[in-house]
Amino acid sequence: MTTPSSDRRDVLKGLMAAGLLVSTPSWARSLWATGDAPTAAGAPALAVSTLVSGSALDGAFLAGVNSALPGHGATATHQLSQLDAGLYQQLNAQLNDGEPGLLVGLLDDASAVLVLDLLRSAGAQVLSVQHHQVAPGSDAAAWAQALGQSLMSDRPLPQAPQGNGALSCVSLRCVI
C-alpha cells in the first residue's frame, strides 16, 4: 500500500527523469567552481557547492557554510525551488562530469528526494543525511547557521528548535 507522500515522491521522480531524458544540456561545469573545502592532511582540496530550496533558513545556513571556509568567499550556491527541470538537469550534468567536489545542502523533503537519487545514481558518497523538524522563530536561524558550520567541519549536528508549526527539511553532506 502506498501513502500519499510516497505517491508524490514517485510522481516527482518520474517528472524529473522525463525532463532529463528530453533535453541534453552540454554545459554545467560552473556549478562547483569555487573555493576549497577543509580537508584531511594530504587529501586534495575539494570545490564546495551548496544547495538550498528557498526557505527562510537559507541565508543563515549559507552564512554558516561560508564562515566554516576560512580565507574564502562564498561557495557556489544553487537554489532548487519548485520543480524546475533545468536546475536538476544542471545538477545531474555536474554530478556526472568527473570533477570531485563537496556538496552540502538544506532542502525541503521533495527536493531532497530528487537530489539524493541523482547523487546516488552518480556514485556520490553520501556522508550525512538528516531529517529535521524546525520550529519557526529566532532560534531557527541560529540553528541553520550552526548546521551549515557543522556540515562543513564534520562536527555533530545541532539539535533543531522544537515547537508548533515545524518546518520539515533535510540536511545533507556528500562527496562527488
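**Exercise 1. Describe how helix α2 (residues 58-67) packs with helix α5 (residues 138-153).**

Step 1. Start with the geometry: α2 and α5 pack at an angle of about 35°, and their axes are 7 Å apart. The axes here are lines fitted to C-alpha atoms over the stretch in contact, with angles running from 0 to 180 degrees between N-to-C directions. Helices (H or I, at least four residues) and strands (E, at least two) are DSSP runs, numbered from the N terminus.

A quick word on what you're looking at: this is a predicted model, where local features need pLDDT of at least 70 and side-chain atom pairs count only at pLDDT 80 or more, while totals for chains, interfaces and linings use all residues. Residues are numbered from 1 along each chain as its sequence is written, and side-chain values use heavy atoms, with hydrogens and water left out.

Step 2. Get the handedness: the α2/α5 crossing is right-handed (the near helix is turned clockwise from the far one by less than a right angle).

Step 3. Pick out the residues in contact (heavy atoms within 4.5 Å). On the α2 side you'll find Ala-60, Phe-61, Ala-63, Gly-64, Val-65 and Ser-67. They meet Ala-141, Ala-144, Gln-145, Leu-147, Gly-148, Gln-149, Leu-151 and Met-152 of α5.

Step 4. Sort that contact by class: 9 residues are nonpolar, 5 are polar and none is charged. Gly goes in with the polar ones in this scheme.

**Exercise 2. Find which residues of α2 are buried, and what they pack against.**

Step 1. Buried means under 20% relative accessible area, exposed means over 50%, and partly exposed is in between (1.4 Å probe, protein chains only). In α2, Asp-58, Ala-60, Phe-61, Leu-62, Gly-64 and Val-65 are buried.

Step 2. Look at the partners: these buried α2 residues pack against β1, β2 (76-79), β3 and α5.

Step 3. Zoom out to the whole chain: 40% of its 176 residues count as buried.

**Exercise 3. Work out which elements build the largest nonpolar core.**

Step 1. A nonpolar core is a set of buried Ala, Val, Leu, Ile, Met, Phe, Trp, Tyr and Cys residues joined through side-chain atoms within 4.5 Å. The largest one has 22 residues, and Leu-57, Phe-61, Leu-106, Val-134, Trp-143 and Met-152 have the most contacts inside it.

Step 2. Assign it to elements: β1 (47-52), α2, β3 (101-107) and α5 each give two or more residues. The top contributor is α5, with 6 residues.

Step 3. Take Leu-57 as a hub to click on. Skipping neighbours within four places in sequence, Leu-57 is in contact with Leu-106, Val-134, Ala-140, Ala-141, Trp-143, Ala-144 and Leu-167.

Step 4. Don't stop there: a second, separate core has 18 residues, including Leu-80, Leu-95, Leu-116 and Leu-119.

**Exercise 4. Decide for Leu-51, Val-170 and Gln-162 in turn: buried or exposed?**

Step 1. Leu-51 sits in strand β1, and it counts as buried at 1% relative accessibility. Beyond four places in sequence, Leu-51 touches a list of residues that includes Phe-61, Leu-80, Leu-91 and Leu-106. Leu-91 is 40 residues away along the chain, with a C-alpha separation of 9.9 Å from Leu-51.

Step 2. Val-170 is in strand β5, and it is buried too, with a relative accessible area of 1%. Its contacts, again leaving out residues up to four places away, include Leu-106, Ala-112, Val-129 and His-131. Val-170 and Ala-112 are 58 residues apart in sequence and 6.4 Å apart in space, C-alpha to C-alpha.

Step 3. Gln-162 lies in the loop between α5 and β5 (167-175), and it is exposed at 56% relative accessible area. Not counting residues up to four places away, Gln-162 touches Gln-133 and Ala-135. A polar atom of the Gln-162 side chain also lies 3.0 Å from the backbone oxygen of Ala-160.

**Exercise 5. Sum up the layout of the chain.**

Step 1. Count the elements: there are 5 helices and 5 strands. From the N terminus on, they run α-β-α-β-α-β-α-β-α-β.

Step 2. Check the sequence range of contacts: among those between residues at least 6 apart, 77% join residues at least 24 apart.

Methods. Polar contact = N/O pair within 3.5 Å; in protein donor to acceptor, adjacent residues only side chain to side chain.
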